[in-house]
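User: Hi! I am new to reading protein structures and would like to learn how the descriptions are justified. Could we go through this one together?

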Amino acid sequence: MSTTTTAAATDPSEFAPLTVDSLPKVQSFPVDADIQEIIKALKITGGCVIKNAVAKPILAQIEKDIRPHLNSEITWDEDFFPKETKRIEGMIAKSPLAAEEIVNHSVYQAVCNEFLTSRNWYWSGSKKVDTVSEPQLNNSICFSIAPGAWAQPLHRDSWCHHTYETEVTEYPDHYNRDVGIGWFVAAKPATRLNGATRFIPGSHLWSKDRPPQEELTVQAELQPGDAFMMLSSCYHAGSANKTTDEERLLFSCFMTKGFLRQEENQYLALPHDIVRKMPVHIQQLIGYKLSQPYCGWVDSDDPRVVLDPSLKNATIHYQDKNDK
Ligand SMILES: O=C(O)CCC(=O)C(=O)O
Ligand SMILES: [Fe+2]
């Protein structure tokens with residue numbers, strides 16, 4: 001993959017100066033916390049930790065499913081990933097358990113539903129029609145980051161959707177600002193020394209023009225089973241693995257809005273014969289579902305007909321069909 005880079009055009013001194021102490025504090029929540037409290041924390045800080053989100057035997061099984069794929073390394077010819085970072089992309093095709101227990105985690109999905117569901121309306125002649133587009137999977141990746149890996153550059157994962165953020169002091173009272181939410185579940189301890197994800201609290205409120213500053217970062221240290229949840233507009237990056245013998249192992253995914261192109265092309269990255277065997281609710285999370293109004297159809301039908309031709313003309317998901 002290749003892109004061209006331009007020299008930094010913006011000077012941090014053009015913006016109100018910030019110190020790490022002035023940034024919002026990163027909150028940690030138990031897995032049974034009130035979802036509204038987690039949403040509130042994300043609006044303020046952009047990221048938070050969910051303690052004991054995934055049980056250890058589940059992590060062990062997912063690791064067992066994925067480990068055999070870790071040698072089929074995908075190379076990256078730019079300066080974004082060090083060579084010590086191995087990524088198992090299309091993770092949920094390698095571990096069905098990761099689909100159910102990582103991507104479909106109830107806390108993560110509840111938060112995604114709140115931030116990433118789009119509610120809109122349109123005129124169809126003289127009829128005013130309400131419409132809802134639900135979130136879908138953007139990518140699923142297992143990261144195995146070995147000793148010696150250098151620190152990734154700070155970035156916003158919303159970049160692939162060409163966002164253009166303005167600087168705000170408070171999270172707006174609508175959900176049009178964010179296009180993604182990340183979920184990084186630690187399968188092994190993620191520590192300061194082995195390169196725990198660093199991020200800039202509050203940077204989801206920044207203008208696109210404000211450059212990220214290393215001195216403002218804090219690291220999301222995690223114990224196995226803990227998860228870091230983050231709006232994709234937050235500046236973050238994997239940090240250097242300065243140990244000699246510790247692998248940082250993460251099971252991660254992002255969700256995005258239902259009408260956007262998925263960063264990892266789910267229809268091509270996940271083999272159909274594997275997706276066909278997945279439960280319907282997982283197929284729908286992957287994107288085999290219509291985004292109202294009329295986005296994603298195949299032969300004027302729900303895209304799940306590709307997985308199961310017997311659904312042709314029998315699906316109930318294309319709710320707008322009779323409006324056409
Ligand atoms: O390694 C990490 O902790 C984060 C990785 C990341 O941000 C990315 O690959 O986009
Ligand atoms: Fe990232």
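User: In the hairpin of strand 4 and strand 5, which residue takes a positive phi?

Analyst: Good place to start! Keep in mind that this is a predicted model. The residue is G125, with a phi near 65°, and the hairpin has 2 residues between its strands.

User: What makes strand 4 and strand 5 a pair?

Analyst: Two strands pair if at least two bridges are found between them. Strand 4 and strand 5 have 7 bridges and run in the antiparallel sense, so by that cut-off they count as paired. As one example, R119 has V132 in strand 5 as its bridge partner.

User: Where else is a positive phi found, after helix 1?

Analyst: At G46, which follows helix 1 and has a phi near 90°.

User: Which residues of helix 1 are buried?

Analyst: They are I38, A41, L42 and T45. To be called buried, a residue needs 20 or more other C-beta atoms within 10 Å of its own.

User: How do you know that these buried residues line one face of helix 1?

Analyst: Look down the helix axis: the buried residues fall within an arc of 100°, so they line one face. There is a general reason to expect such patterns: an α-helix has 3.6 residues a turn, so residues three or four places apart point the same way.

User: What covers the buried residues of helix 1?

Analyst: The cover includes strand 1 (27-30), strand 2 (47-51), helix 5 (106-116) and strand 10 (227-231).

User: Why is strand 6 called largely enclosed?

Analyst: Count its buried residues. Strand 6 covers residues 136-145, and 9 of these 10 residues are buried, so the rest of the structure largely encloses it.

User: Which strands pair with strand 6, and over how many bridges?

Analyst: Strand 3 (residues 85-89) pairs with strand 6 over 5 bridges, in the antiparallel sense. In that pairing, R87 has F143 as its partner in strand 6. Strand 12 (residues 248-256) is joined to strand 6 by 9 bridges, also antiparallel. Here I145 stands opposite R248.

User: What makes strand 9 and strand 11 edge strands?

Analyst: Each of them pairs on one side only. They belong to an open sheet of 3 strands with the order 9-8-11 and antiparallel pairing. Strand 8 (residues 198-199) and strand 11 are joined by 2 bridges, which is enough to count as a pair because the cut-off is at least two. Within this pairing, F199 stands opposite H236.

User: Which residues surround ligand 1?

Analyst: The shell consists of F143, D157, T197, H236, A237 and G238. You have already met two of these names: F143 is the partner of R87, and H236 stands opposite F199. By class, the shell has 2 nonpolar, 3 polar and 1 charged residues.

User: How is the protein divided into domains, and how far apart are their centres?

Analyst: Domain 1 spans 25-289 and domain 2 spans 290-324. Their C-alpha centres lie 28 Å apart.

User: How do you know that the two domains are in contact?

Analyst: Residues are in contact if their C-beta atoms lie within 7 Å. By this test, 14 residues of domain 1 are in contact with 10 residues of domain 2. On the domain 1 side, strand 4 (118-124), strand 5 (127-133) and helix 7 (272-275) each supply at least two residues. Strand 5 gives the most, with 4 residues. By class, this side of domain 1 has 6 nonpolar, 6 polar and 2 charged residues.

Key: Residues are numbered from 1 along each chain as its sequence is written. Chains are lettered from A and ligands numbered from 1 in the order in which they are written. This is a predicted model: local features need pLDDT of at least 70, side-chain atom pairs count only at pLDDT 80 or more; totals for chains, interfaces and linings use all residues. Domain bounds come from an automatic or database domain assignment. Ala, Val, Leu, Ile, Met, Phe, Trp, Tyr, Cys and Pro count as nonpolar, Asp, Glu, Lys and Arg as charged, and the others, Gly among them, as polar. A residue is near a molecule or strand if its C-beta atom, placed from the backbone, lies within 6 Å of it. A residue is buried if 20 or more other C-beta atoms lie within 10 Å of its own, exposed if 12 or fewer, and partly exposed in between; C-beta atoms are placed from the backbone. The arc is that of the directions from the helix axis to the C-beta atoms.
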